[in-house]
Amino acid sequence: MQEDKLYWFAVYTKPRWEKKVAKLLDEKGIINYCPLNKIIKQWSDRKKVVLEPVFKSYVFVKIEDEKKWELKKVNGILNFVFWLGKPAIIKETEINVIKKFLNDFSAIEVVEDKLEINTPVRIKQGLLMNYQGQIIEVKGSKVMVRLQSMGLLLQASFDKTNLEVVNLINAYNK
């Protein structure tokens, strides 16, 4: 098998089957990656370090494009992650970024990008720090936010990293 004909794919697994699927793929000699995170679990009588999957219900698999459909025969694999109607091919560089990130940091949490139209947000830094507004447009890494201040409607464009989603309960209590 030539290394350059292999592609990374993401597969959905049954809930809480990520490590089992990775083990089954290992037994079949299929290259896979199930990113794990060390978590300290607290029970009433003890603490224990456990390895939990970073991406719930996902395992990354490196396989030839022609053989990818054989993966659906593996117990625990439900389907591929699709992009534009085809199983999504993941770049090797993206897998390496995940590996490096997990190597450099601990207690990783995957958070969905919740910046959608009409989401209430707060500006984290800069001239308008702590002002709250509502998202009216999202384009790439930039977000257009409507700021209602002094009875005027102001629109400003911000980098996504400079915004945080506001809890609706807290937003109305201010």
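**Core and contacts in a predicted model**

Q: How many residues does the largest nonpolar core have?
A: We're looking at a predicted model here. In its largest nonpolar core, the residues with the most contacts inside are Val-11, Leu-25, Val-59, Val-61, Leu-71 and Ile-77. The size of that core is 15 residues.

Q: Which elements give two or more residues to this core?
A: The protein has three helices and 14 strands to pick from. One helix and some strands turn up as contributors of two or more residues: α1 (18-27), β1 (6-13), β5 (58-64) and β6 (77-80).

Q: Which residues does Val-61 touch, leaving out those up to four places away in sequence?
A: Val-61 is among the core residues with the most contacts inside the core. Two of its partners, Val-11 and Leu-71, are on that list as well. With sequence neighbours up to four places away set aside, Val-61 touches Tyr-7, Trp-8, Phe-9, Val-11, Leu-25, Ile-30, Ile-31, Asn-32 and Leu-71.

Q: Is Phe-80 buried or exposed?
A: Phe-80 sits in strand β6. Beyond four places in sequence, its contacts include Phe-9, Val-11, Trp-69 and Pro-87. The cut-off for buried is under 20% relative accessible area. Phe-80 has 1%, so it counts as buried.

Q: What distance separates the C-alpha atoms of Phe-80 and Thr-13?
A: Along the chain, these two are 67 residues apart. In space, their C-alpha atoms are separated by 9.0 Å.

Q: What share of contacts between residues at least 6 apart in sequence joins residues at least 24 apart?
A: The protein has 174 residues, and 33% of them are buried. For those contacts, the share joining residues at least 24 apart is 55%.

Notes:
Residues numbered from 1 in each chain as written. Predicted model: local features only at pLDDT ≥ 70, side-chain atom pairs only at ≥ 80, totals over all residues. Heavy atoms only, no water. Core = buried A, V, L, I, M, F, W, Y, C linked by side-chain atoms within 4.5 Å. Buried < 20%, exposed > 50% of the residue type's maximum accessible area, 1.4 Å probe, protein only. Helix = DSSP H or I, 4+ residues; strand = E, 2+ residues; numbered from the N terminus. Contact = heavy atoms within 4.5 Å.
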